[in-house]
Amino acid sequence: MNDITLESETVLEIYNMTDIPLTVPGNRFSDALKRIESEEDVCFSMVELVFVNESEIVQINRKHLSHDYVTDIITFPYDENPSREELEGTMYCCLPRILQQSSKLKTAPDEEILRVCIHGLLHLCGYNDQSVEEQKKMRKLEDLYLSEA
């Protein structure tokens with residue numbers, strides 16, 4: 001577990017519940033978070049980043065979304081109508097799935113892990129990815145914030 005307190009009193013807590021070592025330095029996550037705060041004009045007051053295995057992500061997916069499959073990330077905002085000044089939430093990331101995606105997409109594992117986390121932070125900011133247009137917009141933002149992190 002890593003606790004990172006950012007200058008703006010934003011708290012990012014990182015938990016790795018898997019047996020796979022997390023190789024992304026904590027400052028890369030916090031740098032991405034700070035950049036998103038600045039560009040999206042939001043303030044994250046509490047974010048938990050929890051890395052889990054495939055069976056755990058399926059269990060979370062079943063319980064909360066009634067989906068029976070492995071996914072790379074599930075993001076839960078703490079408030080259904082959050083204030084842009086106090087965004088809070090938990091992001092469950094399936095580390096084995098992210099590493100599989102990295103291999104399939106021929107991207108560096110650390111970059112794919114960071115991309116998925118940026119994706120979750122964008123969800124906390126209110127972005128959705130249900131339509132093709134929304135997916136394109138999120139992907140463009142992911143690319144932007146990944147290039148700057």
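Me: How do the residues lining the largest pocket divide into nonpolar, polar and charged?
Reply: This is a predicted model. In it, the lining of the largest pocket has 14 nonpolar, 12 polar and 9 charged residues.

Me: What volume does that pocket have?
Reply: About 870 Å³. The lining comes to 35 residues.

Me: Which of them lie nearest the centre?
Reply: Ile-73, His-119, His-123, Asp-129 and Gln-130.

Me: Which helices and strands each supply at least two lining residues?
Reply: Four helices and a strand. The helices are H2 (54-65), H3 (95-105), H4 and H5 (132-148). The strand is S4, 73-77.

Me: And where does the largest share come from?
Reply: From H4, with 6 residues of the pocket lining.

Me: OK, switching to cavities. How many are there of 30 Å³ or more?
Reply: The structure holds 1. The largest cavity has a volume of about 50 Å³.

Me: What lines it?
Reply: Leu-12, Phe-29, Ala-32, Leu-49, Met-91, Leu-114, Cys-117, Ile-118 and Leu-121. By class, that is 9 nonpolar, no polar and no charged residues.

Me: Which helices each give at least two of those?
Reply: H1 and H4. H4 has the largest share of the cavity lining, 4 residues.

Me: Then how do H1 and H4 sit relative to each other? What's the crossing angle?
Reply: Roughly 35°. H1 covers residues 26-40 and H4 covers 109-124, and their axes come within 10 Å.

Me: Left-handed or right-handed?
Reply: Right-handed, as H1 passes H4.

Me: Which residues meet there?
Reply: On the H1 side, Arg-28, Phe-29, Ala-32, Leu-33 and Ile-36. On the H4 side, Glu-111, Ile-113, Leu-114, Cys-117, Ile-118 and Leu-121.

Me: What's the class split for that contact?
Reply: The contact of H1 with H4 has 9 nonpolar residues, no polar ones and 2 charged. Arg-28 and Glu-111 are the charged residues there, because Arg and Glu count as charged.

Me: Which of the contact residues from H1 also line the cavity?
Reply: Phe-29 and Ala-32. From H4, Leu-114, Cys-117, Ile-118 and Leu-121 are in the contact and in the cavity lining too.

Me: New topic, aromatics. How many pairs in the whole structure?
Reply: The search finds 2. One of them is Phe-29 with Phe-51.

Me: What's the geometry of that one?
Reply: Tilted, at 6.2 Å centre to centre with 50° between the planes. It counts as tilted because the angle is neither under 30 degrees nor over 60.

Me: Where do the two rings sit in the chain?
Reply: Phe-29 is in helix H1, and Phe-51 is in strand S3, residues 44-52. The two are 22 residues apart, and the pair links distant parts of the chain.

Technical notes. Residues are numbered from 1 along each chain as its sequence is written. This is a predicted model: local features need pLDDT of at least 70, side-chain atom pairs count only at pLDDT 80 or more; totals for chains, interfaces and linings use all residues. Side-chain values use heavy atoms; hydrogens and water are left out. Axes are lines fitted to C-alpha atoms, for helices over the stretch in contact, and angles run from 0 to 180 degrees between N-to-C directions. A crossing is left-handed if the near helix is turned anticlockwise from the far one by less than a right angle, and right-handed if clockwise. Contact means heavy atoms within 4.5 Å. On a 1 Å grid over the protein atoms alone, a cavity is a set of points where a 1.4 Å probe fits but cannot get out, and a pocket is an open set with protein on both sides within 12 Å along at least five of seven lines; lining residues have an atom within 4 Å of a point. Grid points are joined across faces, edges and corners, and a volume is the space filled by probe spheres set on the points. Rings of Phe, Tyr and Trp (its six-membered ring) pair if their centres lie within 6.5 Å; planes under 30 degrees apart count as stacked, over 60 as edge-to-face and the rest as tilted.
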